[in-house]
Amino acid sequence: MIKRPRRLRDSDRLRRLARETRISKDSLIYPIFVTQAQREEIPSMPGQYRESLESLPGRAEALLNAGVSAALLFGIPINKDEAGSGAYSPDGIVQKAVELLKREFPELYAICDTCMCEYTSHGHCGHINEDGYVDNDKSLELIAQTALSQAQAGADMVAPSDMMDGRVAAIRGILDSAGFERVSIMSYAAKYASAFYGPFREAAGSAPAFGDRKQYQMDFHNSREALKEIALDIEEGCDIAIVKPALSYLDIIAKAKSQTNIPIAAYSVSGEFSMIKAASAAGYIDEDAIVAESAVSIFRAGADMLITYYAEEIAAFVASGRIG
């Protein structure tokens, strides 16, 4: 007679007690788009908004009430230029948003996306040289200056998403020299050149005016390259490494977790969110069930934290015992 492993059939309580994968509300990070214009819904991301400085406190309060205590801020300026000066201006939209949040909600952990693409007229993540390519080394100065301005505004953490070589070291150097040794760096260490970013680029107005970002973002065919990128960022001083996107890159999350000694964050990006929303609206899936299962799969793969537009819903699932 073949002996089969016993399943936990006795009770729902016992199944929850024996779960291998645990999720905490504290491991959730909610992305917020902040605009200098009026608050408006993002057409390709139902239920998500470009928040104004006036509406931002309400959004922050709702997050905290749900038990989500960390937010990742993206700025949407009215005016853009070739140098992306709004990214590092003391009066930039993200800088103002951080100052507001830390004044009214000091318990909210404020993370700033540190990049140029939302602020440049060309939509690329750094300085463009005369031949139309991104100049890596010249970009480092602007990105480091952006991180410094965000720290000066009160950011608890900066998150460089540009994928320029050497930017973590440049940021760590400028922050430390200015007395911001306690401001952490969460690096987009393995950021793939992905088709899943479409809704985000609409939301942030950051689509490239020419070419694409394959020059500096990763080829989705590669996995060893991701581990190399993460290792380099750790060597340069990053505190947390992001794998982005999430669901199509669970293998990268798992490999990164097994081969590094720092926390791994997964970013469930706009395309993942919008696909679930669209399928749910069409009646093809149970939205809550898919969101719960997808979140657990990301943590099961090895993520220590999850950046997601579904942070409030996942927090509610944790509170109810549905997951976690």
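**Figure 1. The H7–H8 crossing.** The crossing of H7 and H8 is right-handed, meaning that the near helix is turned clockwise from the far one by less than a right angle. The model is predicted: local features need pLDDT of at least 70, side-chain atom pairs count only at pLDDT 80 or more, and totals for chains, interfaces and linings use all residues. Residues are numbered from 1 along each chain as its sequence is written, and side-chain values use heavy atoms, with hydrogens and water left out. H7 spans residues 224–236 and H8 residues 250–259; they pack at about 45°, axes 10 Å apart. Helices (H or I, at least four residues) and strands (E, at least two) are DSSP runs, numbered from the N terminus. Axes are lines fitted to C-alpha atoms, for helices over the stretch in contact; angles run from 0 to 180 degrees between N-to-C directions. H7 and H8 are therefore oblique to each other, the class left once angles under 35 degrees (roughly parallel), over 145 (roughly antiparallel) and 65 to 115 (roughly perpendicular) are taken out. H7 contributes Ala226, Leu227 and Ile230 to the contact, and H8 contributes Ile252, Lys255, Ala256 and Gln259. Contact means heavy atoms within 4.5 Å. These residues divide into five nonpolar, one polar and one charged. In this scheme Ala, Val, Leu, Ile, Met, Phe, Trp, Tyr, Cys and Pro are nonpolar, Asp, Glu, Lys and Arg are charged, and the others, Gly among them, are polar.

**Figure 2. Asn222, in the loop before H7.** Asn222 sits in the loop between helix H6 (198–204) and H7. Its relative accessible area is 30%, so Asn222 is partly exposed; buried means under 20%, exposed over 50%, and partly exposed in between (1.4 Å probe, protein chains only). Beyond residues up to four places away in sequence, Asn222 touches Tyr192 and Ile252. Asn222 and Ile252 are 30 residues apart along the chain, with C-alpha atoms separated by 9.4 Å.

**Figure 3. The cis peptide bond at Pro245.** Lys244 and Pro245 are joined by a cis peptide bond, with omega about -5°. Most peptide bonds are trans. Pro245 belongs to the loop between strand E10 (240–244) and H8.

**Figure 4. Arg167 and its polar partners.** Arg167 lies in helix H5 (residues 167–177). Its relative accessibility is 2%, so Arg167 counts as buried. The side chains of Arg167 and Asp233 share a polar contact of 3.1 Å. A polar contact is a pair of N or O atoms within 3.5 Å; within protein, one must be able to donate a hydrogen and the other to accept it, and residues adjacent in sequence count only if both atoms are side-chain atoms. A polar atom of the Arg167 side chain also lies 2.8 Å from the backbone oxygen of Tyr188. Leaving aside neighbours within four places in sequence, the contacts of Arg167 include Leu140, Ile143, Pro160, Asp162 and Glu236.

**Figure 5. Ser161, in the loop before H5.** Ser161 is placed in the loop between strand E8 (157–160) and H5. At 3% relative accessibility, Ser161 is buried. Its side chain makes a polar contact of 2.9 Å with the side chain of Asp113. Outside the four nearest places in sequence on either side, Ser161 is in contact with Asp113, Thr114, Cys115, Tyr188 and Lys191.

**Figure 6. Ala153 in helix H4.** Ala153 belongs to H4 (residues 136–153). With a relative accessible area of 9%, Ala153 is buried. Setting aside residues up to four places away in sequence, Ala153 touches Gln95, Val98 and Glu99. Lys102 is 51 residues from Ala153 along the chain; their C-alpha atoms are separated by 8.9 Å.

**Figure 7. Ile314 in helix H11.** H11 (residues 311–320) holds Ile314. Ile314 is buried, at 2% relative accessible area. Not counting residues up to four places away in sequence, Ile314 touches Leu28, Val291, Ala295, Leu306, Thr308 and Ile323. Ala295 and Ile314 are 19 residues apart in sequence and 7.6 Å apart in space, C-alpha to C-alpha.

**Figure 8. Arg22, in the loop between H1 and E1.** Helix H1 (12–17) and strand E1 (28–35) flank the loop of Arg22. Arg22 is partly exposed, at 46% relative accessible area. Apart from neighbours within four places in sequence, Arg22 is in contact with Arg16, Leu17 and Gly324. The C-alpha atoms of Arg22 and Phe299 are separated by 7.7 Å, across 277 residues of chain.
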